[in-house]
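Here are my notes after going through the file you sent. I've kept them short and numbered so you can check each one against the coordinates.

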Amino acid sequence: MSISVTSLLPASPPPDEGEPAGGAAALSVWPRSARPEPDADVSVGGVSLTEAADRFGTPVYVLDEQEVRERCRIYRTAFPDADIVYAAKAFLCRAMAHWVQEEGLGLDVCSAGELALAVTTGFPPEKIVMHGNAKSPEDLRTALRLGVGRIVVDSTSEIARLAAITPEGTRQKVMVRVVPGIAAGGHTKIRTGTEDQKFGLSITDGSAQHAVARILDQPHLELVGLHCHIGSQIATVKPYVAAVRRMVGLLARIRDQHGVTLPQLNIGGGHAIAYRPGEDSLDVGVLAGRVRAELADGCARAQLPVPRLTLEPGRAIVGPAGVAVYRVLSVKRTGEHIFVAVDGGMSDNPRPALYGVRYAPRLIGRASAAAPRLVTVVGRHCEAGDILADEVALPGDVHPGDLLAVPAAGAYHLSMASGYNLVGRPPVVAASDGIARVLVRRESLDDMSRRDVGL
């Protein structure tokens, strides 16, 4: 039976009588709790975005706690017999780690910093997976010291390095990151399952098999399974099915060559979300049905026991739960273009500059009867490529002081934020049951100045 994401989320109430045309429909990529309010405001988690902007300043990120929790439950329901591990690189703070732990998920980290934040929050280290194509000695020492559950080996040089520092009398559980030779993902820069990128060890050239043999020779390392991650923003199930097929084939070859049956298979994440109305997202229920079927059939053909499955969703859990709110600083016509400049930009959301991602900003806080016109929403930074939303329709009377809200802003915004122009990173505010509370405070000039210690 297929379980769709929509069927697992609570139904939205019908729009209020007299709601403006397009009010609810235009919120299709927003958190499920988003509601049109009087004066063209929008509430998320029962919190007015206009009031949040006034109270906390702009830019501000509002994160719907219940949306995060519901999306964790979607994965637990769709994959009841699998380990669901939240990919912390999408967005991590202490509250986020606490939420996913309470919902029964593990955590995937890529550095000693992410790991330390999670463990000091109380996250069980045995439920943490350590990733990274170039883990530093400090990353590995911290992982061993804190007792992470699994370390994903990404290169042959890492094997000897890890084995050398693993304490006597212990065995660290590891997996091998495999390149299955599958091209998938929303942009060339986020396709990680092919031979021509930095991650993993290839099946085709034998690197993966060589790494397996080396790990099996290390008395301090315990090989528990294989890992692959084929890309990000993947909206169809077919690439995952193909990856499972190739990984089962490798599991069978390892069994035949080494007499070892590996008990775990991690197929990563990369599940697409919609950033604008009408865009596709990955149906988690369909994914679950097809992956389980392929895994069962493939293992039956190879006469292998079905391994314990692990998935690593990140964007699909936190992305739709976040909304970024900016204030318009200027409106400028240059040639045929109209530029609407806001008080944030590529320092808090570098994704449009990196990947050409397109968003659907919305004017909030006042009604407008002006006809829409195409504008480019730009940031305040000293780069021509500092564009947040290109060629989007906004009311023709948009002006300085207006508020713009950008949905689907929970993932890979603040986690990739920078200190460019010393603007300071925005705060993150949780919204739940009409209550707003700060999770991560705004970065101040004093915060940035403290790091500058010399003349």
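Which residues does Asp343 touch, not counting those up to four places away in sequence?

1. Before answering, a reminder that this is a predicted model. On to the contacts, then: Asp343 touches Thr58, Pro59, Tyr326, Arg327, Leu329 and Arg380, leaving aside residues up to four places away in sequence. Asp343 itself sits in the loop between β15 (337-342) and α12 (351-355).

2. I'd look at the charge on Asp343 next. This residue is buried but has no salt bridge. Arg327 has the nearest side chain of opposite charge, and it is 5.4 Å away; a salt bridge here needs nitrogen and oxygen within 4 Å, so the pair does not count. What the Asp343 side chain does have is a polar contact of 2.5 Å with the side chain of Thr58. It also reaches the backbone nitrogen of Arg327, at 3.0 Å.

3. Now the overall picture. The protein has 13 helices and 21 strands. Its radius of gyration is 23 Å, close to the 23 Å the globule rule gives for 455 residues, so the protein is as compact as a globular protein of that length. Along the principal axes, the C-alpha atoms fill a box of roughly 70 × 65 × 45 Å.

4. Burial and surface, for the whole protein: 54% of the 455 residues count as buried. The exposed area is about 19,300 Å², and carbon and sulfur atoms supply 52% of it. Taking contacts with a separation of 6 or more, 68% are between residues 24 or more positions apart.

5. Salt bridges come to 20 in total. One of them is Asp83 with Arg308, at 2.9 Å from N to O. Asp83 lies in strand β5 (residues 83-87) and Arg308 in strand β13 (residues 308-311), so this pair ties together parts that are 225 residues apart in sequence. Asp83 is partly exposed at 25% relative accessible area, and Arg308 is partly exposed too, at 38%.

6. Arg366 turns up in two salt bridges, so take them together. With Asp397, the closest N and O atoms are 3.2 Å apart. Asp397 is in the loop between β18 (387-395) and β19 (403-406) and Arg366 in the loop between β16 (362-364) and β17 (372-378), so the pair links parts 31 residues apart in sequence. Asp397 is partly exposed, with a relative accessible area of 31%. The salt bridge between Arg366 and Asp402 is 2.7 Å, N to O. Asp402 also lies in the loop between β18 and β19, so that pair ties together parts 36 residues apart in sequence. Both Arg366 and Asp402 are buried. Elsewhere, salt bridges with shared partners join Glu65, Arg69, Arg73, Glu102, Glu103 and Arg437 into one network.

7. Last, the stretch around β10. Is Gly200 buried or exposed? Gly200 is buried, with a relative accessible area of 18%. You'll find Gly200 in the loop between β9 (172-179) and β10, where it touches Asp154, Arg177 and Val179, again skipping residues up to four places away in sequence. Ser202 is in strand β10 itself (residues 201-202) and is buried as well, at 6% relative accessible area. A polar atom of the Ser202 side chain lies 3.2 Å from the backbone nitrogen of Asp205.

Terms used
Residues numbered from 1 in each chain as written. Predicted model: local features only at pLDDT ≥ 70, side-chain atom pairs only at ≥ 80, totals over all residues. Heavy atoms only, no water. Helix = DSSP H or I, 4+ residues; strand = E, 2+ residues; numbered from the N terminus. Buried < 20%, exposed > 50% of the residue type's maximum accessible area, 1.4 Å probe, protein only. Lys, Arg positive; Asp, Glu negative; His and termini not counted. Polar contact = N/O pair within 3.5 Å; in protein donor to acceptor, adjacent residues only side chain to side chain. Contact = heavy atoms within 4.5 Å. Rg over C-alpha atoms; globule rule 2.2 N^0.38 Å. Areas by Shrake-Rupley, 256 points an atom, 1.4 Å probe, with all protein chains shown as cover.
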